[in-house]
Amino acid sequence: MAKAKATADTSLCKECRLCVSYCPKNAIEPLEELNAKGYKIIRINEELCIGCGRCYKICPDYVFTIHTLE
Amino acid sequence: MAVRMTKPQMINQQVGWCGGCGHGIIQRLIAESCEELGLVEKTVQVLDIACAYWSIDTLNCDGIAGPHGRPAAVATGIKKVRPDANVYVCAGDGCSYVIGLEETLYAAARNIPITMIVVNNGIFGMTGGQMCPATTLVGDKTVSSPYGRDPHTAGEPFDTLTMIQSLPVAFAARGALYDPQHIDETKKLIKKGMEYQRDNKGFSIIEILSPCPTNWKLSPVEAMEKIKNANQEIFPVKVYVDNGGDK
């Protein structure tokens, strides 16, 4: 069981897809759905996410927050 | 459920850069460094009139943007009258290494205790993607070198940190943003620069290899690959000078 999980505020997303490429577990899925700014957003697969924080580090728009599960 | 990593408090608005731009990551590294060192209240950011300028609205600290290319000179003035302030410059390669090369080198030569963060994205971003004489790689296509940079007419890019290496500075290093490990390493460099400033050790400069997907006409992921495979070959990621104990 992972000790941490990522959550995403996709209203900030700008469709760069860096998180999709850099996720080591392929837990971030690119969607065709748009946010209010008109960018395609992403979705985190909670089953696969291990909360490593790579998405948080690579995201230029501060979409991600990493929570510890205690 | 406790929060382990989230956007720093110092960033209080949405950022305005293009999708996949490295400036957003660099702004987070600066904000985290200021918060971790407890310097937010003392921080004065000095920005250039270019892409870096967005931080004037999004970072919750004092800030000023001087004339184009002159932030090192403006920061020198602020540091002289407010020696306790954490004065950092965040500017692009066009500003620091082309238009404002003189200001950058003289701030380094005088070893003014400021922290200079140079965003090396290999292009003039805000003005529409022209060739940057200091950092655009040979063969790279830009709007002012549409057939690729030709070294016979435009010269070759050069490593400004090797010039600064010959000056009596406290710290000079280059980081990169092409993967999370290098982003973490780059944050350590920024933090070290601010610590040296706090301890009055002298001038520190941190150059960061950063992507500009919009003007490179690549996807953000391809732009990161270009930094890793091409830019890093010409501009090596390393520490050039670390004279933390000199002054």
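This is a short tour of a predicted model, stop by stop, with something to select at each one.

**Stop 1: where the chains meet**

Start by colouring chain A and chain B separately. Along the seam, 27 residues of chain A are in contact with 32 residues of chain B. About 2500 Å² is buried between chain A and chain B, and carbon and sulfur atoms give 59% of that area. Now select Tyr56(A), Lys57(A) and Tyr62(A): this trio supplies 31% of the area that chain A buries against chain B, more than any other three residues.

Keep Lys57(A) selected and add Asp184(B). These two form a salt bridge, with the closest N and O atoms 2.9 Å apart. The count between chain A and chain B is 1 salt bridge, so take a good look at this pair. There are also 14 residue pairs in polar contact between chain A and chain B, with both residues at pLDDT 80 or more.

Which parts of chain A supply at least two residues each to the side that touches chain B? Show α1 (18-22), α2 (54-58) and β4 (64-68) of chain A, and you have them. β4(A) gives the most, with 5 residues. Taken together, the residues on that side of chain A divide into 14 nonpolar, 7 polar and 6 charged.

**Stop 2: a strand from each chain**

Stay with β4(A) and bring up strand β1 of chain B, residues 2-5. The two strands run antiparallel and are joined by 3 bridges. To see one pairing up close, pick Ile66(A); the bridge partner of Ile66(A) in β1(B) is Met5(B).

**Stop 3: a buried aspartate in chain B**

Next, go to Asp159(B), in the loop between α6 (151-154) and α7 (160-165) of chain B. Is Asp159(B) buried or exposed? Asp159(B) counts as buried, because its relative accessibility is 14% and the cut-off for buried is under 20%.

Switch on the side chains around this spot. Asp159(B) makes a side-chain polar contact of 2.6 Å with Arg174(B), and another polar contact, also listed at 2.6 Å, links the side chains of Asp159(B) and Tyr240(B). Leaving aside residues up to four places away in sequence, Asp159(B) touches Arg174(B), Phe235(B), Pro236(B) and Tyr240(B).

**Stop 4: salt bridges elsewhere**

Over all chains, the count comes to 15 salt bridges. Here are a few to click on.

- In chain A, select Glu32(A) and Lys40(A), which form a salt bridge with the closest N and O atoms 3.2 Å apart. Glu32(A) is exposed, at 60% relative accessible area, while Lys40(A) is partly exposed, at 26%.
- In chain B, select Arg70(B) and Glu103(B), whose side chains meet in a salt bridge (3.1 Å, N to O). Arg70(B) lies in the loop between β3 (62-65) and α3 (71-81) and Glu103(B) in helix α5 (residues 101-109), so the pair ties together parts of chain B that are 33 residues apart in sequence. Glu103(B) is buried at 16% relative accessible area, and Arg70(B) is partly exposed at 26%.
- Move on to helix α8 (residues 180-198) of chain B, where Glu185(B) and Lys188(B) sit 3 residues apart, about one turn of the helix. Their side chains meet in a salt bridge (3.5 Å, N to O). Lys188(B) is exposed, with a relative accessible area of 52%.

For the last selection, highlight Arg28(B), Glu32(B), Glu36(B), Lys187(B) and Lys191(B): salt bridges that share partners join these residues into one network.

Methods:
Residues are numbered from 1 along each chain as its sequence is written. Chains are lettered from A and ligands numbered from 1 in the order in which they are written. This is a predicted model: local features need pLDDT of at least 70, side-chain atom pairs count only at pLDDT 80 or more; totals for chains, interfaces and linings use all residues. Side-chain values use heavy atoms; hydrogens and water are left out. Contact means heavy atoms within 4.5 Å. Buried area is the accessible area (1.4 Å probe) that two parts lose on being put together, summed over both. A salt bridge is a side-chain nitrogen of Lys or Arg within 4 Å of a carboxyl oxygen of Asp or Glu. A polar contact is a pair of N or O atoms within 3.5 Å; within protein, one must be able to donate a hydrogen and the other to accept it, and residues adjacent in sequence count only if both atoms are side-chain atoms. Helices (H or I, at least four residues) and strands (E, at least two) are DSSP runs, numbered from the N terminus. Ala, Val, Leu, Ile, Met, Phe, Trp, Tyr, Cys and Pro count as nonpolar, Asp, Glu, Lys and Arg as charged, and the others, Gly among them, as polar. Two strands pair if DSSP finds at least two bridges between them. Buried means under 20% relative accessible area, exposed over 50%, partly exposed in between (1.4 Å probe, protein chains only).
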